[in-house]
Amino acid sequence: MRIDAIEVREIRFPLRERFEISSGYSEKRRILLVRLHADGETGWAECVAGEDPGYSYETTDTAWHILAEFLIPALLGAEVTEPADVERLLAHVRGHPMAKACLEMASWDLEGRKRGLSLAEALGGSGEPVPVGVSVGLQKSDDLLVEKVGEFLAAGYRKIKLKIKPGRDVEMVRAVRGAFPEAPLMVDANSAYTLADRERLAEMDDLDLLMIEQPLAHDDLHRHARLQETLQTPICLDESIRSAGDAELALELGSCRIINIKPGRVGGIGSSRRIHDLCRARGVPVWCGGMLESGVGRAFNIALATLPGFTIPGDISASRRYWERDIVDPEFEVFDGMMTPPAGPGIGVTPDQRRIDRLTVRVERWPRMRA
Ligand code: OSB
Ligand code: MG
């Protein structure tokens, strides 16, 4: 099929509550939605770049720039028979996996719709409900955090991730562990520590955590390996893994024992599957992370999480954990800690065009129309 039109739009989408991590916070998301058109069919996806460059160098604005100036011109008018073709067409652009991923992912939706397959089926997953977890941002007080965690556990979530940073770590996590002795808990530092903090981090070993996510710098596999040698708790890498090559290197070096796969961070679904396959062959568990996606991005995450190597609940929570009203129908729901991947073709949920239009602050379409 020939990609004959592409649309990119930015929506401003307020979170129900501010989400704070060690490197900053998010309150009103600026999300890019892309739409590919080919053979009378359409494919949607979402770019996970954030508003600021605290998690990745990519932002909403860099992604727009890279899409508009380099990626879309390379894809527009091209013959594409499978999503891997999209990856190849974009490979000459160095880095910018988040910008690339949304085009590749939109081609999965397109392909699913054309073939009448759900995303989960198209990528070889099960289509069965999967256990999911929730990522809880930094709170004003430990009491408030304990209360929030209690609510999420009562709602059935199968894993609770706590954001930590220096000054808000061991004592805070101990308070949560004290209140919920049996809860499946983990922590995520978003690179807030250095190897000099190794003794502090080792205190976490007594708290029965599933893992410590990304304690050190995004570009430091070496020191993660040094840290892992001194920790009993498994390290899970997020920011450090942008490709299957990164994953292979991290596993060779012993930088982690678990990998968080976010399709938007690693360049798309194809790359996510390669990381999954590599980890599965080596017996390394993976799980699907989240980037505060709208329902469009969430559909990809839940489909991916049905692959057999995803043995740990992902950060894939119900729409209403994030939004007053999601932009897809039906919204994503969690029952007893389980989420069911949509069974319809492609992403399997319907983007609410009227609602999306109301949230849109800019839109551009290719081929560009002459004024
Ligand atoms: O590190 O996993 C992270 C959100 C934004 C940026 C980075 C991260 C997160 C989350 C949220 O933890 C996960 C979710 O989407 O629920
Ligand atoms: Mg993380």
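A salt bridge is a side-chain nitrogen of Lys or Arg within 4 Å of a carboxyl oxygen of Asp or Glu. R88 forms such a bridge with D85, the closest N and O atoms being 2.6 Å apart. The model described here is predicted, so that local features need pLDDT of at least 70 and side-chain atom pairs count only at pLDDT 80 or more, while totals for chains, interfaces and linings use all residues. Residues are numbered from 1 along each chain as its sequence is written, and side-chain values use heavy atoms, with hydrogens and water left out.

## Salt bridges

The structure holds 36 salt bridges. Three of them are listed below.

| Pair | Closest N to O distance |
|---|---|
| R88 and D85 | 2.6 Å |
| E10 and R362 | 2.9 Å |
| R325 and D329 | 2.5 Å |

Helices and strands are DSSP runs numbered from the N terminus, a helix being H or I over at least four residues and a strand E over at least two. The bridge between E10 and R362 links distant parts of the chain, with E10 in strand β1 (residues 3-21) and R362 in strand β15 (residues 360-366), 352 residues apart. By contrast, R88 and D85 are both in helix α2 (residues 83-90), where a spacing of 3 residues separates them by about one helical turn.

The surroundings of these residues can be described by relative accessible area, for which buried means under 20%, exposed over 50% and partly exposed in between (1.4 Å probe, protein chains only). E10 is buried at 1%, whereas R362 is partly exposed at 27%. In the helical pair, R88 is exposed at 53% and D85 is buried at 13%. Both ends of the third bridge are partly exposed: R325 has a value of 30% and D329 one of 32%.

Salt bridges also form a network, which links K159, K161, K163, D188, E213 and D315.

## Two buried polar residues

N190 lies in the loop between β7 (185-188) and α7 (198-202). With a relative accessibility of 7%, N190 counts as buried. Its side chain takes part in polar contacts, a polar contact being a pair of N or O atoms within 3.5 Å; within protein, one atom must be able to donate a hydrogen and the other to accept it, and residues adjacent in sequence count only if both atoms are side-chain atoms. One such contact, of 2.7 Å, joins the side chain of N190 to that of K163, and another, of 2.8 Å, joins it to the side chain of E239. Contact in the wider sense means heavy atoms within 4.5 Å. Not counting residues up to four places away in sequence, N190 touches I21, S22, Y55, K163, E213, Q214 and E239. Two of these neighbours, K163 and E213, belong to the salt-bridge network described above.

R355 is placed in helix α14 (residues 353-359). For charge, Lys and Arg count as positive and Asp and Glu as negative, while His and the chain ends are not counted. R355 is buried yet has no salt bridge, and the nearest side chain of opposite charge, that of D352, is 5.3 Å away. The side chain of R355 instead has a polar atom 2.6 Å from the backbone oxygen of R325, and it reaches the backbone oxygen of D326 at 3.2 Å. Leaving aside neighbours within four places in sequence, R355 is in contact with F13, R325, D326 and I327.

## Aromatic rings

Rings of Phe, Tyr and Trp (its six-membered ring) pair if their centres lie within 6.5 Å; planes under 30 degrees apart count as stacked, over 60 as edge-to-face and the rest as tilted. By this rule there are 3 aromatic pairs. F152 and Y157 form an edge-to-face pair, 5.8 Å centre to centre with 75° between the planes, and both residues are buried. The rings of Y322 and W323 form a tilted pair, their centres 6.2 Å apart and their planes at 35°. Y322 and W323 are likewise buried. Ring pairs link F13, Y322 and W323 into a cluster.

A charge sits over a ring if NZ of Lys or CZ of Arg is within 6 Å of the ring centre and within 35 degrees of the ring normal. The charged end of K159 sits over the ring of W287 at 3.2 Å from its centre, and that of R321 over the ring of Y322 at 5.5 Å.

## A covered helix and an exposed proline

Helix α12 (residues 295-304) is mostly covered, with 10 of its 10 residues buried. Among them are R298, F300 and N301. P181, in the loop between α6 (170-179) and β7, is exposed, with a relative accessible area of 52%.

Conventions
Chains are lettered from A and ligands numbered from 1 in the order in which they are written.
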